[in-house]
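Some labels used for a structure rest on a value set against a cut-off. The turns below take such labels one at a time and ask what stands behind each.

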Amino acid sequence: MSIYDLDDLYQDVVLDHSRRPRNFRKVEDADRTQEAYNPLCGDQLKLYVVFDGDVISDIAFEGTGCAISKASASMMTESVKGKSIEKAQEIFESFRAMITMDEDVDIDRDELGDLGILEGVSAYPTRIKCATLSWHAMHAALADDEGTVSTEAS
Ligand code: ZN
């Protein structure tokens, strides 16, 4: 596979998820909600999480933002729905390490699956925050952190 094919694949997947985001809806009576904001790009989202014991039985989001933020949020919900909290946090760590090219973390490629397509984002530093916004929201929701997640320290 050439680098050009890879770019096409990346674009197709991002466009598909951004145009038709999965789990893009409000959840009434969610166990946790988490708002997140990336002021550099204007991406804004609200995440809804429902637990069944320690399993994420439902996860959905609403919001506005660029194609990458929406596509990444859509793919994030698909990848952690039905998973345990512990597993979801592991996927978060692998995804964050992949996007930020953190060499201190062993990235579980099998676990990431299709999310590996988003690795192309790591070449565009300004887009990394777009791609990780929903992931930080998920991470905070599972940890039950208070307050809005922002990509910029206040
Ligand atoms: Zn963005």
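Q: In this predicted model, what are the packing angle and the axis distance of helix 3 and helix 5?
A: Helix 3, residues 85-100, packs against helix 5, residues 125-143, at an angle of about 155 degrees, and their axes are 10 Å apart.

Q: Why is helix 3 called roughly antiparallel to helix 5?
A: The angle is about 155 degrees, and angles over 145 count as roughly antiparallel, so helix 3 is described as roughly antiparallel to helix 5. The crossing of helix 3 and helix 5 is left-handed.

Q: Which residues make the contact of helix 3 with helix 5?
A: From helix 3, the residues include Ile85, Ala88, Phe92, Phe95 and Arg96, and from helix 5 they include Ile128, Ala131, Trp135, His139 and Leu142. Sorted by class, the contact of helix 3 with helix 5 has 12 nonpolar, 5 polar and 1 charged residues.

Q: How do helix 2 and helix 5 cross, and what is the handedness of the crossing?
A: The axes of helix 2, residues 67-80, and helix 5 come within 8 Å and cross at roughly 35 degrees, and the crossing is right-handed. Among the residues that meet are Ile68, Ser72, Ala73 and Met76 in helix 2, and Arg127, Cys130, Ser134 and Met138 in helix 5. The contact of helix 2 with helix 5 divides into 8 nonpolar, 4 polar and 1 charged residues.

Q: What makes Cys41, Asp43, Cys66 and Cys130 donor residues of the zinc ion?
A: The donor atoms are SG of Cys41, Cys66 and Cys130, together with OD atoms of Asp43, which is listed twice, and they lie 2.2 to 2.6 Å from the zinc ion; the cut-off for a donor here is within 2.8 Å of the metal, so these atoms qualify. In sequence, the donor residues are spaced C-x1-D-x22-C-x63-C. The pair Cys41 and Cys130 links distant parts of the chain, 89 residues apart, with Cys41 in the loop between strand 1 (32-38) and strand 2 (43-52) and Cys130 in helix 5.

Q: Why is Cys130 called buried, or Cys41 partly exposed?
A: Cys130 has 1% relative accessibility and therefore counts as buried, the cut-off being under 20%. Cys41, at 34%, counts as partly exposed, because that class holds what falls between the buried limit and the exposed limit of over 50%.

Q: How do you know that Ser74 is buried, and what does Ser74 touch?
A: Ser74, in helix 2, has 0% relative accessibility and so counts as buried, under the cut-off of 20%. Leaving out residues up to four places away in sequence, Ser74 touches His17, Pro21, Arg22 and Phe61. Ser74 and Phe24 are 50 residues apart in sequence, with their C-alpha atoms 7.3 Å apart in space.

Q: What makes the phi values of Asp29 and Met101 worth a remark?
A: Most residues other than glycine have a negative phi. Phi of Asp29 is near 60 degrees, a positive value, and phi of Met101 is near 55 degrees, again positive.

Q: Where are Asp29 and Met101 found, and why is each called exposed?
A: Asp29 is in the loop between helix 1 (3-19) and strand 1, and Met101 is in the loop between helix 3 and helix 4 (109-112). Asp29 has a relative accessible area of 73% and Met101 has 54% relative accessibility; exposed means over 50%, so Asp29 counts as exposed, and so does Met101.

Conventions. Residues are numbered from 1 along each chain as its sequence is written. This is a predicted model: local features need pLDDT of at least 70, side-chain atom pairs count only at pLDDT 80 or more; totals for chains, interfaces and linings use all residues. Side-chain values use heavy atoms; hydrogens and water are left out. Axes are lines fitted to C-alpha atoms, for helices over the stretch in contact, and angles run from 0 to 180 degrees between N-to-C directions. Helices (H or I, at least four residues) and strands (E, at least two) are DSSP runs, numbered from the N terminus. Angles under 35 degrees count as roughly parallel, over 145 as roughly antiparallel, 65 to 115 as roughly perpendicular and the rest as oblique. A crossing is left-handed if the near helix is turned anticlockwise from the far one by less than a right angle, and right-handed if clockwise. Contact means heavy atoms within 4.5 Å. Ala, Val, Leu, Ile, Met, Phe, Trp, Tyr, Cys and Pro count as nonpolar, Asp, Glu, Lys and Arg as charged, and the others, Gly among them, as polar. Donors are N, O and S atoms within 2.8 Å of the metal (3.2 Å for Na, K and Ca); water is not among the atoms, so sites may look incomplete. Buried means under 20% relative accessible area, exposed over 50%, partly exposed in between (1.4 Å probe, protein chains only).
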